[in-house]
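Work through the exercises below with the sequence and the coordinates at hand. Each task is followed by a solution in steps.

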Amino acid sequence: MTAYLLKRLAIALVTLVLASMVVFAVLEIIPGDPARLMLGLNASAEQVELLRNQMGLDAPLATRYLHWAGGLLSLDFGRSYTYSVPVIDLVRERVVVSLPLALIALALSTVIAIPVGLFSASRRGRAGDTIAMGAAQLGVAVPNFWFALMLIYLFAVWLRLVPAGGFPGWSAGVWPALKSLVLPAIALALPQAAILARVTRSALIEVLHEDYIRTARAKGLPYRAVLWRHALRNAMIPVLTILGLQFAFLLAGTIIVENVFYLPGLGRLVFQAITQRDLIVVESVVMLLVAAVIAVNLLVDLSYAVVDPRLRSRQ
Amino acid sequence: MTLHIDMSEENLAGILAKAFRNRSFLAGFAITALVAAVAIVSFFWTPFDVTRLIIANKTQGPSLAHWFGTDHFGRDILSMIMVGARNSIAVALVAVGIGMGIGVPLGTFAAARGGFVDEALMRLNDLVFAFPALLSAIMITAIFGPGAVNAIIAIGIFNIPVFARVARAGALAIWPREFILAARAAGKGRTLITLEHVLPNIVTLLLVQGTIQFALGILAEAGLSYVGLGTQPPMPSWGRMLFDAQTRMVAAPWMALFPGMAIAVTVLGLNLLGDGIADILDPKSRRQR
C-alpha cells in the first residue's frame, strides 16, 4: 500500500516538474518581446533594455526558470504584463467562477450518469437500455458549445428563465450567481454524462457476469441490493478513471463554454491573455490547470486503493 | 500457407455476414459514407457558390431554394456545410494519421523493449495527458498562428499518446502468446515479430481507437474554429459558422441549428461505426476513451 502510494506520488511530482519545464520552454520560444510589447512601438532601445532588466528578462534561461518555478510554489506568479496587477489576484477573481462551474458540471454528470448506467446494465438489451444508450450516443456526439447555444436559445431567448450570459458576481447573492452558472454547467455536463453512463454500463455488465454476483443472488439478496452494493462497487475503478479524465476535459471545456456565455472565468482569462500576448498570465493559468489535472489523477489513483481492498493488502 | 489464406477468407466472409447483421455498424457506415460523399461532391458541385456574397439574400430562413437558409452575407448554408465537411474530414484525418504514425511505433516499441524504455515512454505519455488537450491546442494555435495546418498539428500531437497507449496495451497482451514464442524460437528479431505478428493482431484495437479519435478530432476542429483559431474565413468551417451564428441567435436561429447538427451527425456516425467494428471483430473489446 505505502509503496503504491509513494510510487504514484513520485510519478505525479515528476510529471508536474516536467510539465512546468514544457510550459516554460514553449513560451520561451514564442516570438515577441514582452518588454517591447508593454512599452509600445515608440519606446527607445534603452527604455526597452531597462524594462527587460527590471522584469528580469535578461537573466540566463535556467535562472529565469528557477525563479519562475520557485514563485509558483509560493503562489507568487509575477505581474500581468497587460493588467499590471499580480497574476494571483487575477486568478483569485476568476477561479471563483470556473471552479464552481466545473464542480457543478462534474456533480451533475455523475448524478445523471450513474443511475442511467445502472438502469441500462440491469435491462441489458431491452427497450429501456436501447433508448438510454441511443441518447448517450447522441450526447457524446453533440459539441458542448453548440449545445450551449441551443440552451441559450431555448431557456434564455425563448422562455426567458435564465440570463443568456454574463456573471453578476457572488456579491450579487448566491442565487443570481448560481442562476447564471446553470446553463453553462448543463452544457458542460451533458457530453460527460453520456460518456460516463456508457462506461458505467459496460463496467457493470462485465461485473454482473462474475461468480460472486451469482453467489450473492443465490444466498437470497434482492437484485437491487446486489446491483448497488456488490456490482457498482466493483465497477467503480473504470468509472473513477473516467471521472478523473473528465475533470481535465471539463477544465478545457470551460475555456470554450465560458466564451459562449461571457463568463469571467479562468478559461476566458487564459484566452484573452493569449490574444494579448500576456505570457506570464498564460504560463501561470496553464500551470495551475495542469497541476489541478495531475492532482485529480493522483486522487483517482489513491481512491483505487479505497475502492479495491486488494490494492491495500498488497504491501 | 494455403491453410492460412483459406482461414482468412473464411473469416472475411464471416466478418461480412456479421457486419450486415450489426445495426450499429450499418448505421455508422451509412452516416459516415454519406458525410464522405457530401464532402466529395462539394469539390465538383454545391447548390450555390460559397464565396459569392449576395447581401440582398442575407439571413433568409429555410426555403425551397435554400433548404437550410442563408447566412448574414447571403451565402447558402447547405453549400457551406457541404464544403465544411471536406475541411472537417481533412483536419481530423490528418490528425489521426499523425497520432497513429508516431504513436503506434512508439507503443509497440515500448512493449517490445520493456524495462527502462517502456517506463520512460509511458512517463512521457503521462506528461502529455496532464495537459488538457483543448487547452494546449488553443495555446499552440494561438502561439504559432491560427489556421487549419496548425490546428491539425495541435490535434495530432494529442493523438500520439492515445495511440501509443492503446498500441502498447494491445502489444503487451500479444507478446506472451505461444505463436510469439514460436517466432522467437525461429530466430526472428523483435522488430520483425512486431511487424509480422503483433501489429496484425492489434489492428482491430487501432481501428476502433482511430474512429474515436477521428470523431474527437472533428469536435476539436469545430471548437478551435469556433474560437477563431482553426480554419480561417473565407473557407467555410462548421465551427466558424457557429461563431457567426451566435450573435444572430434571435434573428436567424437556423444559422446555428444546421452546422451544429452536421457536427453531431458526423460524430455520431463515426462513433457508431467504431462501436460496430469493435462488436464485429472482437466482441470482448471494450472501447476506451
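## Exercise 1: The contact between the chains

Task: Describe the contact between chain A and chain B, starting with how many residues each chain supplies.

Solution. In this predicted model, the contact is made by 36 residues of chain A and 33 residues of chain B. Next, assign the chain B side to its elements. Those that give two or more residues to the side touching chain A are helices H4 (115-129), H5 (133-144), H8 (190-226), H9 (238-246) and H10 (254-281) of chain B. The largest share comes from H10(B), with 8 residues. Finally, sort that side of chain B by class: 25 residues are nonpolar, 4 are polar and 4 are charged.

## Exercise 2: One residue facing the other chain

Task: Decide whether A:Ala252 is buried or exposed, and list its contacts beyond the local sequence.

Solution. First, locate the residue: A:Ala252 is part of helix H11 of chain A, which covers residues 236-261. Second, count its surroundings. Within 10 Å there are 23 other C-beta atoms, and the cut-off for a buried residue is 20 or more. A:Ala252 is therefore buried. Third, set aside neighbours within four places in sequence; A:Ala252 is then in contact with B:Pro132, B:Ala133, B:Leu134 and B:Leu135. Fourth, take a distance within chain A: A:Leu266 is 14 residues away from A:Ala252 in sequence, and their C-alpha atoms are 10.0 Å apart.

## Exercise 3: The nonpolar core

Task: State how many residues the largest nonpolar core has, and find which helix gives the most to it.

Solution. The largest nonpolar core has 168 residues. Those with the most contacts inside this core are A:Ala148, A:Val270 and A:Val285, together with B:Ala137, B:Ile138 and B:Leu242. Helix H8 of chain A (residues 174-208) gives the most to the core, with 17 residues. Now follow A:Val285 outward. Not counting residues up to four places away in sequence, A:Val285 touches A:Val91, A:Leu266, A:Leu269 and A:Val270.

## Exercise 4: Chain A as a whole

Task: Summarise the make-up of chain A, beginning with how many helices and strands there are.

Solution. Chain A has 14 helices and 0 strands. Its C-alpha trace spans about 85 × 60 × 35 Å along the principal axes. For burial, take the 315 residues of chain A: 37% of them count as buried. For contact order, consider the contacts in chain A with a separation of 6 or more; residues 24 or more positions apart account for 71% of these.

How values were computed. Residues are numbered from 1 along each chain as its sequence is written. Chains are lettered from A and ligands numbered from 1 in the order in which they are written. This is a predicted model: local features need pLDDT of at least 70, side-chain atom pairs count only at pLDDT 80 or more; totals for chains, interfaces and linings use all residues. Two residues are in contact if their C-beta atoms, placed from the backbone, lie within 7 Å. Helices (H or I, at least four residues) and strands (E, at least two) are DSSP runs, numbered from the N terminus. Ala, Val, Leu, Ile, Met, Phe, Trp, Tyr, Cys and Pro count as nonpolar, Asp, Glu, Lys and Arg as charged, and the others, Gly among them, as polar. A nonpolar core is a set of buried Ala, Val, Leu, Ile, Met, Phe, Trp, Tyr and Cys residues joined through C-beta atoms within 7 Å. A residue is buried if 20 or more other C-beta atoms lie within 10 Å of its own, exposed if 12 or fewer, and partly exposed in between; C-beta atoms are placed from the backbone.
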